[in-house]
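Grab a pencil and work through a few short exercises on the model below. Each task comes with its solution, step by step.

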Amino acid sequence: MLPAVLKLCCGISYPHVRSMAGLQRAALAVFGQEFRLLQNRFSFPARSSIRHTHRSAALADEDDVFYQKQGEAALNEALQIVENRDGWTLETAENGDVIYSKVLTGNRKVFRLEADLDATADELHDILFFRVEEMHEWNPSIRRITVLKHVGGNTLVTHEVSAETAGNLIGQRDFLSVRHSSKSESCVYLGGAATRFESLPPQPGFVRAEDGPTCIILQPLQDAPHRSRFTWLLNMDVKGWLPQSLVNKALPRAQVDFTKHLRRRLAENNSR
C-alpha cells in the first residue's frame, strides 16, 4: 500500500547509498540491545477484532466487490507479516525511528518502520487516507495522486506518479493501487496492494511499479493518547533494471525521509 509515500524519493545518489552501509553497521552496533527491547514493545490487537465498516455484500457492482475484497485481503496478509516477529533484522535507527527488514519467500525484502508521531490516529488517518490526493503538497517525491474510484467509505483505487528530481537513477514510476482502511477499538489500519483498472493501462514514459501487500498501523500511545505509534510495512517491486542491492539500501532511507516530511506537515497543521 501507499506506494506514494515513498517513490524511492526518486533522487538516489551513489554517495548517498555508500553512506548507508556505514550507517547500517553503526546502527547494528549501537542499537543491538535496543532492538531486542523494541521487539517486545509493539503489540497490536488481534486481526479478528478489526472492524470492516462496509461489507462486500452491500456493494453495488462486481468491480466494487473485487476492490473491496482485494483491499481487505491485502491488509490481512500484510498484518500477518508484521505480526510474525521471526526473522526481522535491524536496518537503521535515527532519532528514535527504527527500521527492520525481513526476507520473505521468493527473496523479496520488506521493511518495517516504527516511529512515534505528534498526532492522533484519527488525524493521521485523515492525512494518509481521506486526503491522499493532497500528499504532493507535503511530500516532494510525489508528482500527483488521483483517486480513480471510491468503494464505500473505506476503499479507494488510486493512481500515483512519482516526481522528477535531479540525480534520478530509476526514472519516474507510476502505481495503480487499491487502498483499504479498517478500525479496531484501539487502532487504525491502512492496507493495500497493486491492482488493475481497465481504463488506465501502463502509461508511456513510466515504469509501472507494484506494491503490496503493505500496511500502516496507527496506534495511540498509552501514556499520551494525543500521540500515535506509526508502524509501516513497506513491500515494493520497483520493476525496471535497477539493481536490487541498490533498491534495498534506498527503501529504508526513503521511509526515513517520508516520516520527516510527515512530521513537518503535522507541525504546520498544529501551528495553524
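**Exercise 1: a charged trio**

Arg-253 and Asp-257 form a salt bridge, their closest N and O atoms being 3.6 Å apart (a salt bridge is a side-chain nitrogen of Lys or Arg within 4 Å of a carboxyl oxygen of Asp or Glu). This is a predicted model, where local features need pLDDT of at least 70, side-chain atom pairs count only at pLDDT 80 or more, and totals for chains, interfaces and linings use all residues. Residues are numbered from 1 along each chain as its sequence is written, and side-chain values use heavy atoms, leaving out hydrogens and water.

Task: work out how Arg-253 and Asp-257 are placed in helix H5, and find the salt-bridge partner of Arg-253 in strand S1.

- Step 1. The two sit 4 residues apart in helix H5, so about one helical turn separates them.
- Step 2. Arg-253 also meets Glu-94 in a salt bridge of 2.8 Å, N to O.
- Step 3. Glu-94 is in strand S1 and Arg-253 in helix H5 (residues 244-271), so this pair ties together parts 159 residues apart in sequence.

**Exercise 2: buried or exposed?**

Task: classify Arg-253, Asp-257 and Asn-235.

- Step 1. Take the cut-offs: buried is under 20% relative accessible area, exposed over 50%, partly exposed in between (1.4 Å probe, protein chains only).
- Step 2. Arg-253, at 16%, is buried.
- Step 3. Asp-257, at 13%, is buried too.
- Step 4. Asn-235 has 3%, so it's buried.
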